[in-house]
Amino acid sequence: MVNKSVLNKLKNVLKRYGEYEILDVSILNGSQNKVYKVNTDKGFYVVKEFSLDAIKNYYYLRKRKEQIRISKVLNDNGIKTILPIMVNDNSFIFFKKHYYVVYDYSISRPIEEKEITLKHISTLATTQSKIHKLNISSSLTCFYKHINIDFDKQLKIVKKKDIDLYNLISDNLDKLKEIVNMCNSNLKDIKSNLCISHNDYKLLNILWDKDKMFLIDFDATGLSNPTCCLCESAFTFSRINKKINYSFYEEYLRSYLNSYGKIKDDFRSCLFSCLNGKLQWLNYMFSKNNKKENNYIDGTKSMIKEFLLYYENIDKFNEIYMKITK
């Protein structure tokens, strides 16, 4: 059970929807935002509390509202999403400087890596292609940015903090620099072809009820290059136990392309450019390490290892794509 201050804020949030007696509260996995599962006398609910960084001002609130609108549009087009409960035609509740969104609790759940089958892979790929094909007008922006990471500077910073991280960067310095340079060199081309995309398409954000999937957490939704999203997702869902399942990778590409049709972009270029978002996140973790925060060290090591696994397989990924499309 959570402390009294958490109970008080949840009571005040739920009060907007009616009178509820809270029986139990547990914390669900979230990213920068807190997510609570609330058991009440009227059923279970999920309450999402946006951090002060997530909604700093009206611009950020408008962005979050637009992302929820996109989730509704997808739902109306047959791509199942979990929609928030509305109160007075509004999705958001404001209480003590924070914004909250409330959902009915779903018995659906994410699947684990060990549970993934080729059928799941096919459904995931086809669903992503359907999202990319929708012609949705939106005020959301493109998230691609020029990446500037001074790995030499980071070596000096982490040497005193974690020798394993220092060795990981030092031993792979040339590869890491090449990944950044190749990503930056293709930014202009990928920005010429954009669509609405979820942008955080991973197991944690997909719930399953038998063979039916429901997409959640639209906090990263924006304009992205569809081929870059394809490259990133094919890698994400084929990475099992920190290794690549090439059958899954091939099935993902094949299912996506069968649904989407011929892509407009150079696939090999997108294999590098698709790492842009992850490199932005790596830069963020480095910045936290710079400020003497040590809780990002393990995450930094994990992400660098992910980059290296990806880099080692780029030729193989391109080979699979060429095999499918020849």
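## A pocket and a helix pair

In this predicted model, α3 gives the most to the lining of the second largest pocket, with four residues. Helix α3 spans residues 118-133, and strand β8 spans 212-215; these are the elements that give two or more residues to that lining.

The second largest pocket holds about 190 Å³ of space. Its lining includes Thr123, Thr126, Thr127 and Lys130. Lys212, Met213 and Leu215 also line the pocket. Gly78, Ile79 and Lys80 complete the list. By class, the lining residues divide into three nonpolar, four polar and three charged.

A second feature is a helix pair. Two packed helices are described by the angle between their axes and the distance between the axes. Helix α4 covers residues 151-159 and helix α11 covers residues 276-290. The two pack at an angle of about 40 degrees, with axes 10 Å apart. Angles under 35 degrees count as roughly parallel and those of 65 to 115 as roughly perpendicular, so α4 and α11 are oblique to each other. Their crossing is left-handed.

Which residues of α4 and α11 make the contact? From α4 come Phe151, Gln154 and Ile157. From α11 come Leu282, Phe286, Asn289 and Asn290.

The residue classes at the two sites are set out below.

| Site | Nonpolar | Polar | Charged |
|---|---|---|---|
| Lining of the second largest pocket | three residues | four residues | three residues |
| Contact of α4 with α11 | four residues | three residues | no residues |

The pocket lining thus has charged residues, among its members Lys80, Lys130 and Lys212. The contact of α4 with α11 has no charged residues.

Methods. Residues are numbered from 1 along each chain as its sequence is written. This is a predicted model: local features need pLDDT of at least 70, side-chain atom pairs count only at pLDDT 80 or more; totals for chains, interfaces and linings use all residues. Side-chain values use heavy atoms; hydrogens and water are left out. On a 1 Å grid over the protein atoms alone, a cavity is a set of points where a 1.4 Å probe fits but cannot get out, and a pocket is an open set with protein on both sides within 12 Å along at least five of seven lines; lining residues have an atom within 4 Å of a point. Grid points are joined across faces, edges and corners, and a volume is the space filled by probe spheres set on the points. Ala, Val, Leu, Ile, Met, Phe, Trp, Tyr, Cys and Pro count as nonpolar, Asp, Glu, Lys and Arg as charged, and the others, Gly among them, as polar. Axes are lines fitted to C-alpha atoms, for helices over the stretch in contact, and angles run from 0 to 180 degrees between N-to-C directions. Angles under 35 degrees count as roughly parallel, over 145 as roughly antiparallel, 65 to 115 as roughly perpendicular and the rest as oblique. A crossing is left-handed if the near helix is turned anticlockwise from the far one by less than a right angle, and right-handed if clockwise. Contact means heavy atoms within 4.5 Å.
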